[in-house]
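I set out to record what I looked up in this structure, entry by entry. My topics were the ligand surroundings, the nonpolar core and the end of the chain.

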Amino acid sequence: MLKKVDLKYTNRLINHGPLVIVSAENADKRTFTPIAWNMPVEHSPALIALTIAKENFVNTLIKKSKEFCVNIPSIDYLDLVLKLGSVSGKEIDKIREYKLKVKKCKKINCHYWTEAIATIECKLIKTVGISEVDIFIGEALYCSANENFKNDCWSADKLQTVHHLGNLNFVTLKKIKRN
Ligand SMILES: Cc1cc2nc3c(=O)[nH]c(=O)nc-3n(C[C@H](O)[C@H](O)[C@H](O)COP(=O)(O)O)c2cc1C
């Protein structure tokens, strides 16, 4: 179950570099796209950045709608991540094809994935185009996380986010014990 997170802690949802699934939609078109290249940018306002290839459908939908939602998967969904990253929403409706459980976002006109461990709903505030990619900077309007986000931070004991090394290589986290 996802609970609201104070916007001032948005950066902590992705501080450790997890792969995310970005959802965006416009009119009757929508997609859910894995994005490894993402990062926090600023505390207040809470800004995050995504690097997205111009050819990806999610890029087109973000430019049209000027909003997007970040959905953070756990490693339980690695197969789904690979499926979502192997086909374009230009060709299929990924929600129907992969039976994604989705609900309407709270603050933007988009859907989030209900099995995510956290979400960040953003409005687009700046686009920096470089070569074949765009860097999208979004301001978080609403964030949520599951019960492992405690005392305004992820609890490392159970955090099993997906981290992309390249090709089909992934790792998850291991807690470092400090006394
Ligand atoms: C593990 C993984 C990480 C990826 N990271 C990125 C990324 O950071 N930026 C990007 O533009 N595409 C990235 N991709 C590629 C897109 O997810 C892929 O091209 C997708 O099919 C595009 O879907 P769309 O056309 O519906 O947006 C990644 C794919 C995978 C599997």
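The entries below follow that order, and I note at the outset that the model is predicted.

Entry 1, ligand shell. I looked up which residues surround the ligand and found 22 of them. The closest are Trp-37, Phe-57, Gly-85, Ser-88 and Gly-89. I then sorted the shell by class: twelve residues are nonpolar, nine are polar and one is charged. Next I asked which elements contribute. Strands β3 (29-35) and β5 (47-53) and helices α2 (57-65) and α3 (78-84) each supply at least two residues of the shell. The most comes from β3, which gives four residues.

Entry 2, nonpolar core. I turned to the largest nonpolar core, which has 40 residues. The members that touch the most others are Leu-13, Val-20, Val-22, Cys-69, Val-70 and Ile-120. I followed Leu-13 further, leaving aside residues up to four places away in sequence, and listed its contacts as Val-5, Ile-72, Ala-118, Ile-120, Cys-143 and Ala-145.

Entry 3, hairpin. I examined β13 (residues 163-166) and β14 (residues 169-171), which run antiparallel and are joined by three bridges. His-164 has Phe-170 in β14 as its bridge partner. The two strands form a hairpin with two residues between them. In the turn, I noted a positive phi of about 50 degrees at Asn-167.

Entry 4, Lys-174. I located Lys-174 in the segment after β14. Is Lys-174 buried or exposed? I recorded Lys-174 as exposed, because it has 8 C-beta neighbours inside 10 Å, and the limit for exposed is 12 or fewer. Finally, I compared Lys-174 with Asp-6, 168 residues apart along the chain, and found their C-alpha atoms separated by 26 Å.

Note on methods: Residues are numbered from 1 along each chain as its sequence is written. This is a predicted model: local features need pLDDT of at least 70, side-chain atom pairs count only at pLDDT 80 or more; totals for chains, interfaces and linings use all residues. A residue is near a molecule or strand if its C-beta atom, placed from the backbone, lies within 6 Å of it. Ala, Val, Leu, Ile, Met, Phe, Trp, Tyr, Cys and Pro count as nonpolar, Asp, Glu, Lys and Arg as charged, and the others, Gly among them, as polar. A nonpolar core is a set of buried Ala, Val, Leu, Ile, Met, Phe, Trp, Tyr and Cys residues joined through C-beta atoms within 7 Å. A residue is buried if 20 or more other C-beta atoms lie within 10 Å of its own, exposed if 12 or fewer, and partly exposed in between; C-beta atoms are placed from the backbone. Two residues are in contact if their C-beta atoms, placed from the backbone, lie within 7 Å. Two strands pair if DSSP finds at least two bridges between them.
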